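Reader: I am in my first year and still learning to look at structures slowly. Could you take one part of this one and go through it closely with me?

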Amino acid sequence: MSAAAPFRSIHRHGFVRVGAGTPVASVGDVAANAAGILDLARRADAEGVDLLVLPELALSSYAIDDLHLQDAQLDRVEAELAGIVAASADLAPVLLVGAPIRRNGRLYNTAVVVSRGRILGVVPKSFLPNYREYYEKRWFAPGAGLTGLALRLCGQEVPFGPDLVFAAADLADFSFHVEICEDYWAPLPPSTAGAMAGALILCNLSASNIIVGKARERALLAASQSTRAIAAYCYSASGPGESTTDLAWDGQAMIHELGQMLAESTRFGMDPELIAADVDVARLRLERMRMGTFNDCAAANGHPEARFRTIGFEHRPHRADVGLRRPVARFPFVPADPRELDADCYEAFNIQVDGLIKRFRSTRGKAMVIGVSGGLDSTHALIVAAKSCDRLGLPRSAIRGYTMPGFATGDATKANAWALMRALGITAEEIDIRPAARQMLGDMGHPFAQGEPVYDVTFENVQAGLRTDYLFRLANQHDGFVVGTGDLSELALGWCTYGVGDQMSHYAVNAGVPKTLIQYLIRWCVRTGQFDPATDDILTAILGTEISPELVPADASGAIQSTESKVGPYELNDFFLHHVARLGLKPSKVAFLAWHAWKDADAGLWPAGFPDDLRNAYDLATIRSWLEKFLFRFFTISQFKRSAIPNGPKLSAAAALSPRGDWRAPSDGTATVWLDELAAALDGVED
């Protein structure tokens with residue numbers, strides 16, 4: 001993206017603002033239609049739109065039947081089109097205007113691509129419906145197979161054919177392909193080849209009359225095509241004003257990106273409407289690079305880029321601060337929609353349970369050994385183990401849970417650990433690690449052994465290591481294996497003790513679960529009655545516990561050790577993790593998105609039931625500070641821990657850090673490139 005653009009410009013960060021317009025149509029009043037198109041074009045210009053998609057045959061009207069074959073009508077279309085082209089010289093958006101165009105004794109249903117006073121190309125409709133209520137072959141010739149052609153239109157010699165991809169020379173990744181209505185109902189839509197030829201935005205000019213259920217079908221097709229083609233899909237259909245002799249029109253417009261709906265119109269409205277969304281074309285390019293199947297398919301189809309013509313143009317992007325028009329989830333791993341969240345929790349919990357069941361059967365052991373601290377991670381691992389025993393038909397006493405108090409273990413967390421183990425009916429024991437820790441610290445000559453209040457990393461890791469050491473030896477003693485409790489967020493930050501520590505287990509059942517999701521998984525278990533009411537009460541109490549490793553005694557004020565004060569808020573770290581590891585975005589773009597997601601606690605959606613008093617906001621300086629720490633921890637000091645993690649189930653496409661799965665990286669890497677990019681973008685930028 002252009003480094004010349006200011007930090008708050010969407011153009012700096014790989015976005016293109018795409019619009020879909022639904023003007024009020026007419027029954028063949030070309031001048032009125034042209035005026036409506038220009039009105040929407042001017043509105044789009046004022047709103048910073050880069051590309052505006054208008055309906056099929058919007059200039060002539062769609063439902064005028066044999067009037068399409070009248071020269072007076074077609075002459076007026078070309079005259080009004082010339083006026084639109086001239087007016088576009090002062091407008092920023094590229095306009096996709098639906099119009100019937102004559103060429104070589106035939107009439108074509110086309111999209112005329114207009115930019116800055118030029119016609120960039122004319123794309124004919126490939127597939128003409130001629131069944132049920134449709135009679136398009138009566139008037140139009142199909143465009144399929146017409147390659148390498150041109151025509152003269154409005155005094156300009158312009159490319160003609162379905163073999164066109166349009167690409168801006170001065171805005172990276174702004175490339176698009178055009179198809180028309182029925183084209184994307186075909187088994188092989190032209191936009192599939194257009195995407196494989198390089199287009200990142202797929203556009204559909206449609207008239208598509210409405211019948212019951214058809215809006216769902218259109219949305220399904222648009223979402224599916226944007227997913228399969230790794231693209232954005234912008235669709236605009238005719239609205240009010242078309243002839244209703246035998247049909248009706250609802251004006252559906254939609255913008256999808258990788259299956260996600262970014263914007264949609266009001267259907268059956270009486271006024272012209274413009275929707276717009278910022279499409280992340282840089283992300284789409286990265287996703288195609290990451291997914292080799294996309295290129296393999298292009299190769300299997302003879303590399304469509306070799307058959308397509310790329311039409312370059314100067315877009316002259318504004319590079320201004322026009323805000324950000326797209327939903328940005330504060331919690332990438334936690335859907336705001338209650339139904340989606342419920343479905344995700346159901347799948348995640350059962351993935352973990354099934355994974356643990358398979359591993360337990362494979363070991364032919366007799367026990368699952370787990371350290372229970374009373375915190376969120378060990379609580380969740382324990383209830384996964386309990387459900388696994390239930391499904392295996394084993395008594396829960398096959399789970400051997402151990403609470404292992406150290407020098408900073410709180411009474412409340414220890415009490416919660418015991419209450420949960422009793423409620424679940426597992427085999428529960430306590431091993432006080434303090435005598436062994438004192439012995440080890442004394443043998444090492446550590447100052448703590450001489451009574452000095454030195455609480456360094458050695459002091460902490462002696463305790464963490466002893467706990468894991470005990471668990472492994474207990475697993476030997478009881479013919480079992482150690483169930484890991486550490487989560488995905490801790491692995492990302494390296495917030496775990498390597499080797500003989502909480503980084504290691506026989507099966508890391510939580511390794512694919514981000515910290516921000518764990519509390520929702522536990523709440524889901526309570527809400528859906530996975531356990532009895534007594535267990536639910538304990539789980540609810542544990543949900544209110546502050547996240548702490550409880551390795552360092554409370555300070556003089558009584559404040560306990562806080563993980564988030566050291567490594568940063570997990571809600572930000574999980575945001576960073578998703579956008580850096582899963583999407584591969586630049587740190588400056590991650591900061592831009594985080595700022596838009598978190599700058600205003602009263603804006604945007606929160607997950608269902610999220611407490612009002614925990615709805616935080618972060619300014620850009622705070623986001624930058626924690627992002628720098630995340631980048632250093634993730635790229636420089638933590639990979640060696642992830643390179644040696646035990647097996648564990650992948651839960652989400654959004655992130656997995658196993659070296660046998662989604663993430664492979666050198667253990668001796670550095671964060672310099674990422675930190676330098678962030679500094680170059682943000683130095684001197686104020687909130």
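Author: In this predicted model, helix H16, which covers residues 570-582, packs against helix H17, residues 587-598, with the two axes 10 Å apart and at an angle of about 135°. Angles over 145 degrees would count as roughly antiparallel and those from 65 to 115 as roughly perpendicular, and H16 and H17 are therefore oblique to each other. Their crossing is right-handed.

If you now look at the residues that meet, H16 contributes Glu-571, Leu-572, Phe-575, Phe-576, His-579 and Val-580, while H17 contributes Val-590, Leu-593, Ala-594, Ala-597 and Trp-598. Sorted by class, this contact between H16 and H17 holds 9 nonpolar residues, 1 polar residue and 1 charged residue.

For another kind of packing, turn to the open sheet, in which 7 strands follow one another in the order S13-S12-S11-S10-S9-S8-S15, with mixed pairing. Strand S13 (260-264) and strand S15 (309-313) stand at its edges, and because each has a single partner strand, one side of each is left without a neighbour in the sheet. On average, neighbouring strands here are turned by 25° against each other, with direction ignored.

Within this sheet, strand S9, residues 175-180, pairs with strand S10, residues 201-205, in the parallel sense over 5 bridges, and Glu-179 stands opposite Asn-204 in S10. Helix H4, made of residues 214-228, lies across S10, strand S11 (232-236) and strand S12 (253-257), and runs at about 25° to S12.

Key:
Residues numbered from 1 in each chain as written. Predicted model: local features only at pLDDT ≥ 70, side-chain atom pairs only at ≥ 80, totals over all residues. Heavy atoms only, no water. Pairing = 2+ DSSP bridges. Helix = DSSP H or I, 4+ residues; strand = E, 2+ residues; numbered from the N terminus. Axes fitted to C-alpha atoms, helices over the stretch in contact; angles between N-to-C directions. Contact = heavy atoms within 4.5 Å. Parallel < 35°, antiparallel > 145°, perpendicular 65-115°, else oblique. Left-handed = near helix turned anticlockwise from the far one by under 90°. Nonpolar A, V, L, I, M, F, W, Y, C, P; charged D, E, K, R; others polar.
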